[in-house]
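Please open the model in your viewer and keep the selection tool at hand. The stops below each begin with something to select, followed by what can be found there.

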Protein chains: 2
Amino acid sequence: MNIIMLLYPRLTQLDLTGPFEVFARLPDVTIILAAKSLDPVTDSGGLRLLPTHTLTNAPQADILFVPGGPGQLDLMDDTEVLDFLRAQAAGAGYVTSVCTGSLVLAAAGLLKGYRATCHWMSLEQLALFGCTPCDDRVVVDRNRVTGGGVTSGIDFALHLAALLFNQERAERIQLSMEYDPAPPFSSGHPNSADPAIVEAMRARASGLQEKRWAAARAAAARLGKG
Amino acid sequence: MNIIMLLYPRLTQLDLTGPFEVFARLPDVTIILAAKSLDPVTDSGGLRLLPTHTLTNAPQADILFVPGGPGQLDLMDDTEVLDFLRAQAAGAGYVTSVCTGSLVLAAAGLLKGYRATCHWMSLEQLALFGCTPCDDRVVVDRNRVTGGGVTSGIDFALHLAALLFNQERAERIQLSMEYDPAPPFSSGHPNSADPAIVEAMRARASGLQEKRWAAARAAAARLGKG
């Protein structure tokens, strides 16, 4: 079973490394980290990861996965990446994402008519692409499986492990990773966080979010014409 | 503020990448990934990460961090690494670990007289080093801050962020990472998992665990002589 995980500059590394940890514990799985070249890819926090394949020599994926992050913006009109995702998705058993990775899938036209999720701050942008935004941590709609922001990737991957194998396999992995989370604060979702903190975060991200909306609108317009 | 994160072959990458994601969102922080050389380091699941510094050119750490993983075994009698940790710890504000990283700190003599935690399967080995094993997800004892298995690194790092800055800063990071965990199953700790799954995991890991015990006993004996 080939799992292709897309690597690109300024991804949020935990969007990818959370699911990677689960996938790496599945039997008979090959994880392919596919990027435009084999050069190291630097995440938004400065972590450098090495791809295993390029977009051109990656084999057909059984599971296709797209992480999110600030660099998602640049992928919204990147025909090389969008064409790669479309071609891979046509033969993949599952088409998946975490965080703003779902916006990239949407820009490739791969979420039209599906329910999906995204980082809470960008969730509504999915509607531009004929996709129904769904404020759940993990959303499964036929063979589209999407996770919310960043850390949801662990929950997402355990769900997917159970779909691909069975619940017992997923439970074994959960135990091996001691995934018994105990967040020290109740600030993980805008519904539970201090409203002042939610507001401050929205204000601080407003520049990036304006760009994200603009890129999403342009991508949706291109898709409509295509 | 310099945060040194130790990189070594066959670490468990999520032990490091979970906390990295939190640390990278702190202001005025430099994250140093220190390894024996600048060559890529391959984690136990096959992910290749690039160090930023070697053990010899890394600056003094304000926070020293050691992740766990199968490769921890080889560090238990690695004088180059243990000397590095001792020298860094002497000048560090916090000496920290996730998962079996605490066994490496212990082998360096850095947990004697402290309470600490570890991956549930290896927790008791800490007692060999004059350290009090503590079955909590995150343990703070003076300037020693340790996390349990793998995914506990996220809880650990949010605790540490609050200690280093303040709770509001940690809450903002938690919200940005959408850390509102929803494990699909109740299998994250031996106390909650299906006993058959706990037993199966202990049986499957027994070979590695025997080696871990032997390496810990030998390291403790060397430390006693030192």
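Begin by selecting A:Val150, which sits in the loop between E11 and helix H5 (152-164) of chain A. The model is predicted, and in it the phi angle of A:Val150 is near 30°, a positive value in a residue other than glycine. Is A:Val150 buried or exposed? With a relative accessible area of 2%, A:Val150 is buried, the cut-off for that class being under 20%.

**A contact of A:Val150**

Next, select A:Thr12, which has A:Val150 among its contacts once the neighbours within four places in sequence are left aside. A:Thr12 belongs to the loop that runs between strand E1 (2-6) and helix H1 (13-23) of chain A, and at a relative accessible area of 5% it is also a buried residue. Which other residues are in contact with A:Thr12? From chain A the list includes A:Asp43, A:Ser44, A:Gly68, A:Gly69 and A:Pro70, while chain B contributes B:Glu21 and B:Arg25, and displaying both chains at this stop will therefore let you see these contacts, given that contact means heavy atoms within 4.5 Å.

**Strand E11 of chain A and its partners**

Now go back to the strand that precedes the loop of A:Val150, and select residues 144-147 of chain A, which make up strand E11. In a regular strand the side chains alternate between the two faces of the sheet. Here both faces are covered, with A:Arg144 and A:Thr146 buried on one side and A:Val145 and A:Gly147 buried on the other.

Add strand E7 (residues 94-98) of chain A to the selection, and you will have a parallel pair, since E7(A) and E11(A) are joined in that sense by four bridges. To find the register, look at A:Thr96, whose bridge partner in E11(A) is A:Val145. Then add strand E10 (residues 138-141) of chain A, which pairs with E11(A) in the antiparallel sense, again over four bridges; in this case A:Val139 has A:Thr146 of E11(A) as its bridge partner. E10(A) and E11(A) form a hairpin with two residues between them, and in that turn A:Arg142 has a positive phi of about 50°.

**Another positive phi in chain A**

For a further residue with positive phi, select A:Asp28, where the angle is near 55° and the residue is again not a glycine. A:Asp28 lies in the loop between H1 and strand E2 (30-35) of chain A. Is A:Asp28 buried or exposed? A:Asp28 is exposed, with a relative accessible area of 72%, whereas A:Val150 is buried.

**Chain A as a whole**

Zoom out and select the whole of chain A, which has eight helices and 11 strands. Its radius of gyration is 17 Å, close to the 17 Å that the globule rule gives for 226 residues, so chain A is as compact as a globular protein of that length. Computed along the principal axes in the viewer, the C-alpha atoms should fill a box of roughly 45 × 45 × 35 Å. Of the 226 residues, 60% count as buried, and among the contacts with a separation of 6 or more, 66% are between residues 24 or more positions apart. If you switch to a surface display, the area exposed by chain A is about 8200 Å², with carbon and sulfur atoms supplying 49% of it. Colouring by charge will bring out 19 positive and 23 negative charges, whose mean positions are 6 Å apart.

**The sheet in chain B**

Move on to chain B, and select the seven strands that form an open sheet of mixed pairing in the order E5-E2-E1-E6-E7-E11-E10. Its edge strands are E5 (53-54) and E10 (138-141), each of which pairs on one side only. Within this sheet, strand E6 (residues 63-66) and strand E7 (residues 94-98) of chain B run parallel and are joined by four bridges, with B:Phe65 standing opposite B:Thr96 in E7(B).

At the E10 edge, E10(B) pairs with strand E11 (residues 144-147) of chain B in the antiparallel sense over four bridges, and B:Val140 has B:Val145 as its bridge partner in E11(B). The hairpin of these two strands has two residues between them, and B:Arg142 takes a positive phi near 50°.

**Last stop**

Finally, select B:Glu199 in helix H7 (residues 195-204) of chain B, a residue that counts as partly exposed at 49% relative accessibility. Draw a distance from its C-alpha atom to that of B:Thr52, and the separation will be 40 Å, for two residues that are 147 residues apart along the chain.

Key:
Residues are numbered from 1 along each chain as its sequence is written. Chains are lettered from A and ligands numbered from 1 in the order in which they are written. This is a predicted model: local features need pLDDT of at least 70, side-chain atom pairs count only at pLDDT 80 or more; totals for chains, interfaces and linings use all residues. Side-chain values use heavy atoms; hydrogens and water are left out. The radius of gyration is taken over C-alpha atoms; the globule rule is 2.2 Å times the number of residues to the power 0.38. Buried means under 20% relative accessible area, exposed over 50%, partly exposed in between (1.4 Å probe, protein chains only). Accessible areas come from the Shrake-Rupley method with a 1.4 Å probe; for residues, only the protein chains shown count as cover. Lys and Arg count as positive and Asp and Glu as negative; His and the chain ends are not counted. The place of a charge is taken as NZ of Lys, CZ of Arg, CG of Asp or CD of Glu. Two strands pair if DSSP finds at least two bridges between them.
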